[in-house]
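Colleague: I'm new to this, so could you take me through the terms as we go?

Modeller: Happily! Let's have a look together.

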Amino acid sequence: MAFGEFCCIFVDCADCLRRIRWTWRLFWARWPGRSNARRRRPRKGFCPWCAKRSRSRWSTSRRGRGRGAPRGRGAPRGRGGAGGSNTVLEPHRHPGVFIAKGKEHMLVTKNLVPGESVYGEKRISIDGGVDGTKIEYRVWNPFRSKLAAGVLSGLDNIFIAPGKKVLYLGAASGTSVSHVADIVGPEGVVYAVEFSPRSGRDLITMAKKRTNVIPIVEDARLPNKYRMLISTVDVIFADVAQPDQARIVVHNAQSFLRENGHVVISIKASCIDSTAPPDVIFASELQKLKEGRFKPIEQVTLEPYERDHAMVTAQYRRHAS
Ligand SMILES: C[S@@+](CC[C@H](N)C(=O)[O-])C[C@H]1O[C@@H](n2cnc3c(N)ncnc32)[C@H](O)[C@@H]1O
């Protein structure tokens with residue numbers, strides 16, 4: 001049996017895997033050992049679960065879709081290369097963010113380290129440098145970055161712009177952090193906090209090349225532990241996906257956010273309470289921010305990029321009465 005042809009664990013179909021992650025019941029009902037399981041002889045290239053032609057997770061037949069290459073919805077195909085003579089670059093209304101308009105429109109950021117991808121994302125070179133040279137941009141995938149999803153979901157202002165100092169809570173391996181570093185550019189700084197040592201290692205590796213990123217492998221609940229590493233910041237971006245995220249944000253704002261600075265927060269409803277309706281949870285998180293001296297500015301949902309997520313922006317009014 002060829003690897004991935006049929007096996008109850010190594011399902012070789014990205015569509016089914018996604019469904020299985022979301023719907024355990026579906027997976028269980030179709031488990032091959034169960035009496036009601038639909039047993040069928042798997043055909044090569046077809047998913048044994050849904051019998052559709054398999055979009056293999058491991059297939060290398062398509063450029064850039066091998067192991068370790070970007071996966072999932074909207075994963076870019078291929079790596080670097082020219083944007084093509086038809087690709088035109090337009091600035092997005094958010095400074096530091098651009099739209100590459102070619103065969104398809106893509107959100108991109110200007111690569112701070114030309115020639116390098118961070119997580120296998122596609123790079124495109126477009127005319128526009130001095131003396132006819134090209135400038136390299138990295139594709140910013142909204143299915144892999146909540147901030148990109150927030151931009152495409154219509155946030156009026158992300159407050160993260162060239163030259164800004166940003167405190168990023170929940171940096172993970174640095175995928176989105178690297179785009180934030182591109183946006184703030186060499187004049188700006190990104191303090192990236194992540195408490196998982198494993199993700200922290202990747203974050204540190206990424207920061208070796210992006211010198212405007214200061215990786216901090218600490219718990220964001222304990223800002224005193226990294227107080228000596230951070231000066232006052234203009235913006236806090238939070239994506240820690242924890243039930244006490246609002247408290248974490250308020251705590252970090254009290255320590256590091258300048259007066260009238262801003263927060264951009266990704267709220268995952270199921271992380272806070274999986275039983276209550278998302279809208280109720282978003283409202284209660286906003287209330288916690290108000291109590292922490294924030295004035296809410298905007299709220300968007302991250303559909304279709306993320307399910308039951310909202311992105312909220314607010315202004316810090318430390319001295320407001
Ligand atoms: C949803 S992921 C962040 C994804 C990331 N923002 C991105 O778009 O690439 C949440 C991350 O927050 C981290 N995290 C959760 N609680 C934390 C805490 N108290 N302190 C620091 N990091 C935390 C997790 O380890 C995880 O990597």
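Modeller: Two strands pair if DSSP finds at least two bridges between them, and strands are DSSP runs of E with at least two residues, while helices are runs of H or I with at least four, numbered from the N terminus. This is a predicted model, where local features need pLDDT of at least 70, side-chain atom pairs count only at pLDDT 80 or more, and totals for chains, interfaces and linings use all residues. Residues are numbered from 1 along each chain as its sequence is written.

Colleague: What makes strand 2 and strand 3 a pair?

Modeller: Five bridges join strand 2 (residues 97-101) to strand 3 (residues 105-110), and the two run antiparallel. At least two bridges are needed, so they pair. For instance, Ile 99 has Leu 107 in strand 3 as its bridge partner.

Colleague: Which strands stand at the edges of the sheet?

Modeller: The open sheet has five strands in the order 1-2-3-5-4, with antiparallel pairing. Strand 1 (88-91) and strand 4 (123-127) each have a single partner strand, so one side of each lacks a neighbour in the sheet.

Colleague: Why is helix 4 described as largely enclosed by the rest of the structure?

Modeller: A residue is buried if 20 or more other C-beta atoms, placed from the backbone, lie within 10 Å of its own, exposed if 12 or fewer, and partly exposed in between. In helix 4 (residues 175-184), 10 of the 10 residues are buried, so the description fits. Among them are His 179 and Asp 182.

Colleague: What follows helix 4?

Modeller: Gly 185 does, with a positive phi near 70°.
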